[in-house]
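User: I would like to go through the terms applied to this model and see how each value is judged against its definition. Could you start with the enclosed spaces?

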Amino acid sequence: MASSVLSAASPSLAVSSSLSSRQTHKGKPKTGGNALRFNNGIKSFPNARSSGRVSMAVAVNVSRFEGIPMAPPDPILGVSEAFKADTSDAKLNLGVGAYRTEELQPYVLNVVKKAENLMLERGDKKEYLPIEGLAAFNKATAELLLGADNPAIKQQRVATVQGLSGTGSLRLGAALIERYFSGAKVLISAPTWGNHKNIFNDARVPWSEYRYYEPKTVGLDFEGMIEDIKSAPEGSFVVLHGCAHNPTGIDPTPEQWEKIADVIQEKNHIPFFDVAYQGFASGSLDEDAASVRLFVARGMEVLVAQSYSKNLGLYAERIGAINVISSSPEAATRVKSQLKRLARPMYSNPPVHGARIVADVVGNPVLFNEWKAEMEMMAGRIKNVRQQLYNSITSKDNSGKDWSFILKQIGMFSFTGLNKEQSDNMTNKWHVYMTKDGRISLAGLSLAKCEYLADAIIDSYHNVS
């Protein structure tokens, strides 16, 4: 009886017959034994012998990617996926930071529509941009951040490169740190936006955390923050949220910003601002840029990543910038050349559509004023929702707990102080979808839903340990 070499996992079977088990192919060397050989992912036995007249060899398709593990779901984007699968009429998606109207619908700014119409009227083409991006956008975004009359701009000490929104701009800055500040450590707040750690990990830049959130007060641990920044190695990069800290919504006061700048300056650290909400937090472009302008006015060298996802609603356009404010125009020129060098193998050059929208809105006085009015409207709606949520909770909760932290926070997020188990209860029992650290997006809440959310928060806080 003929013997065979078989594999249970085999999807295909190759059978060869011969007149005799002793015969070999002419002109081809013999292969000894039944050694396992891999050729382009195919498992085979090159010399499967048998005492019979038929030999059988098994070919198994083995993926070269077999060793790649499944990645965990994104903690923020996964919230939206779970929300979509929920069939409850009461469900609320307070996970993703995207603005919604009072009817909880996405909102395209009127000023954005007008800017897009201008593009059509001009017949703008879709040619490649330079590596550094659209010149008109770079000029507009630096002036919006620092003020058009800022000495750093007039002295040409600002290197601005258009990036892929805030994430891509932060990633470019991280790559610059990795390449030219070998061994430097980055400090990030605890907690911080979830992607900060991913960005610096992928750029192979070591990071550690500084204290920021105080659970007992649901406020800022300012003393801990200052102590940790002081104890960091000299010349560290300190990631700061320019306004509307994500996820807590807790910002330092103007006086505290002065002290933070003092410590960073004393330690020769380099501040790295993440500015994702300019104009969207308070409704004022100037007020929300005050922290960055304070550091630049002191003559400090500063990195700033910007995003226009929130304040212009350009979430899908991926439009932002990395700005490096240097001590001399010569340094700024060199830095810009290296940022371009880093961007080239990453994505070659940035997209043009969002850049033109920003340039047209900021560069046109009429559109610019309309934009400021729309930002005030959006920021005002979120403030109203914040106030209504506070009113609803305090009218229902007779425990004596102080909920005033809700009003002290700013921007689109509120850090509720709920732990993971309590946040799970919000979702499992009340169909309120949020991140597991207790953050909720007020931009996804309507005035009409505040009562329901208040009930969910009170129940989860008091009845879940």
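Analyst: A cavity is a set of grid points where a 1.4 Å probe fits but cannot get out, and its volume is the space filled by probe spheres set on those points. The model is a predicted one, and a search of the whole structure for cavities of 30 Å³ or more finds two. The largest has a volume of about 40 Å³, and the second largest has a volume of about 30 Å³.

User: How do you know which residues line the second largest cavity, and which classes do they belong to?

Analyst: A lining residue must have an atom within 4 Å of a point of the cavity, and the residues listed for the second largest cavity include Leu389, Ile393, Trp403, Phe405 and Ser414. Helix H13 (365-396) and helix H14 (405-408) are the elements that give two or more residues to this lining. By class, seven of the lining residues are nonpolar, two are polar and none is charged. Since the charged class consists of Asp, Glu, Lys and Arg, Ser414, which is among the lining residues, is placed with the polar ones.

User: What makes the largest pocket a pocket and not a cavity, and what is its volume?

Analyst: A pocket is an open set of points, whereas a probe in a cavity cannot get out, so the two terms exclude each other. The largest pocket has a volume of about 1200 Å³, and of the 46 residues that line this pocket, Ile76, Leu77, Val96, Gly97 and Trp193 are the closest to its centre. The lining divides into 18 nonpolar, 18 polar and 10 charged residues, and helix H6 (194-202) is one of the elements that supply at least two of them.

User: Which residues of H6 are buried, and how do you know whether they are on the same side or on opposite sides of the helix?

Analyst: The buried residues of H6 are His196, Ile199 and Phe200. They cover an arc of only 90° around the axis, and therefore they are on the same side of H6. In general, an α-helix has 3.6 residues a turn, so residues three or four places apart point the same way. Among the elements that cover the buried residues of H6 are strand S7 (186-190) and strand S12 (270-275).

User: Why is Val218 called buried, and why is Ser348 called partly exposed?

Analyst: Val218 has a relative accessible area of 9%, and because buried means under 20%, Val218 counts as buried. Ser348 has a relative accessible area of 22%, and because partly exposed means between the 20% and 50% cut-offs, Ser348 falls in that class. Val218 also has a positive phi of about 50° although it is not a glycine, and Ser348 likewise has a positive phi, near 70°. Val218 is placed in the loop between strand S9 (213-214) and strand S10 (219-220), while Ser348 lies in the loop between helix H11 (329-347) and helix H12 (353-363).

User: What is the value of omega for the cis peptide bond that joins Ala190 and Pro191, and where is Pro191 found?

Analyst: Omega is about 5° for the cis bond between Ala190 and Pro191, and Pro191 is found in the loop between S7 and H6. Another cis peptide bond runs from Asn246 to Pro247, with omega near 20°.

Note on methods. Residues numbered from 1 in each chain as written. Predicted model: local features only at pLDDT ≥ 70, side-chain atom pairs only at ≥ 80, totals over all residues. Heavy atoms only, no water. 1 Å grid on protein atoms, 1.4 Å probe; cavity = no way out; pocket = protein on both sides within 12 Å on 5 of 7 lines; lining within 4 Å. Helix = DSSP H or I, 4+ residues; strand = E, 2+ residues; numbered from the N terminus. Buried < 20%, exposed > 50% of the residue type's maximum accessible area, 1.4 Å probe, protein only. Arc of directions from axis to C-beta. Contact = heavy atoms within 4.5 Å.
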